Amino acid sequence: GGEAMSNGPSGRAAQWQPAAGADARQVLRVPSMYPTIMDAIRRAGMDDTVLVSSGHYRETLDVRDKVLEITGEGKMQELLVEGPAGAPAMVQEGGFVRISNLLIKSSGATGVEVNRGRVVIEDCNVSGAGVGLALYGASEATLRRSVVCRCRQCGIVVSGGSRAMVEFCSVFENGDKGMAVTDAGSHLHLTRSMLSYNHGVGVAIDEGGEGSIEDNDLRHNGQGPLHVGTSSAAKVVVGSNLVS
């Protein structure tokens, strides 16, 4: 959803949309109105906001073809969404979801999984899964000011023609690569981020994947800063990264 416009003495902004426009958007509060985040998601309409208060929410957020925002209210350290044993913390199919100010953990194969959807993740911390964030099916993701760390394999995987824009993020201490980009049409724009202390390479782009890797700190990874496979060599722009 768009931000409300408050500037201007006449308050004209409020009249640029039908009267129902802003009023129809609801804030669904967890746990005061709905005991679980999933309860709120099920009842959320187009462009609604699910506002999560401090707590430990052991559930998988299953979001299908919805346009909504899921935001933690308060200190992120007190807002934990944890996938139940072996399950992801969030699965998104289609739609457009904005997530902010949440601690996201999973012991499953993926922490956050997005298929043919659009997702914006801001000011979050994702950890513990096999892969922290997995994008498939020509999804689009924007990550800002977030941490993806201590996943068993990769921090972030961009595949199946998906596109990711990652800026001002830290991706560290993952069991294999920090980020991996595979498949034709998959694209990573990585800037102003730190990918360090991953056991494998910082960033790997292969199998026709594309990327722009500029102004990052890619030092201190177990197998070097960056690997670009031969099928991707002509499709990757690299510049101004710290590598040693």
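Asn125 lies in strand β12, which spans residues 125-127. The model is predicted. Asn125 counts as buried because its relative accessibility is 16%, and the limit for that class is under 20%. Beyond the residues up to four places away in sequence, Asn125 touches Met76. Further contacts of Asn125 are made with Leu102, Leu103 and Ile104. Val147 and Cys149 complete the set.

The UniProt record, an unreviewed entry, carries the annotation "domain: Right handed beta helix" for residues 95-236. Such an annotation may be inferred rather than shown by experiment. In the model, residues 95-236 are 49% strand and 0% helix. The end C-alpha atoms of this span lie 29 Å apart.

Nonpolar packing was examined next. In soluble globular proteins, nonpolar side chains tend to be buried together. Here the largest nonpolar core holds 51 residues. Seven names stand out by the number of other members touched: Ile37, Ile41, Ile70, Ile99, Leu143, Leu188 and Val203. Helix α2, residues 37-43, supplies the largest share of this core, with 4 residues. A second core is separate and has 5 residues, among them Val131, Cys154, Val157 and Ala180.

Ile37 illustrates the packing in the largest core. Neighbours within four places in sequence are set aside here. Ile37 then contacts Val30, Val50, Val52, Leu61, Ile70 and Val81. Tyr57 and Glu59 are also in contact with Ile37. Of these partners, Ile70 is itself among the core residues that touch the most other members.

Asp176 sits in the loop between β18 (170-172) and β19 (179-181). Its relative accessibility is 28%, so Asp176 counts as partly exposed. That class runs between the 20% limit for buried and the 50% limit for exposed. Asp176 and Cys154 are 22 residues apart along the chain, yet their C-alpha atoms are separated by 5.3 Å. Cys154 is also one of the residues of the second core. Apart from residues up to four places away in sequence, Asp176 touches Arg152 and Gln153. Asn198, His199, Gly200 and Val201 are touched as well. The side chains of Asp176 and Lys177 are joined by a polar contact of 3.3 Å.

Aromatic rings were considered last. The count of aromatic pairs is 0, with ring centres required to lie within 6.5 Å. A charge does sit over a ring, however: Arg118 lies over the face of Phe96, at 4.1 Å from the ring centre.

Definitions and conventions: Residues are numbered from 1 along each chain as its sequence is written. This is a predicted model: local features need pLDDT of at least 70, side-chain atom pairs count only at pLDDT 80 or more; totals for chains, interfaces and linings use all residues. Side-chain values use heavy atoms; hydrogens and water are left out. Rings of Phe, Tyr and Trp (its six-membered ring) pair if their centres lie within 6.5 Å; planes under 30 degrees apart count as stacked, over 60 as edge-to-face and the rest as tilted. A charge sits over a ring if NZ of Lys or CZ of Arg is within 6 Å of the ring centre and within 35 degrees of the ring normal. A nonpolar core is a set of buried Ala, Val, Leu, Ile, Met, Phe, Trp, Tyr and Cys residues joined through side-chain atoms within 4.5 Å. Buried means under 20% relative accessible area, exposed over 50%, partly exposed in between (1.4 Å probe, protein chains only). Helices (H or I, at least four residues) and strands (E, at least two) are DSSP runs, numbered from the N terminus. Contact means heavy atoms within 4.5 Å. A polar contact is a pair of N or O atoms within 3.5 Å; within protein, one must be able to donate a hydrogen and the other to accept it, and residues adjacent in sequence count only if both atoms are side-chain atoms.
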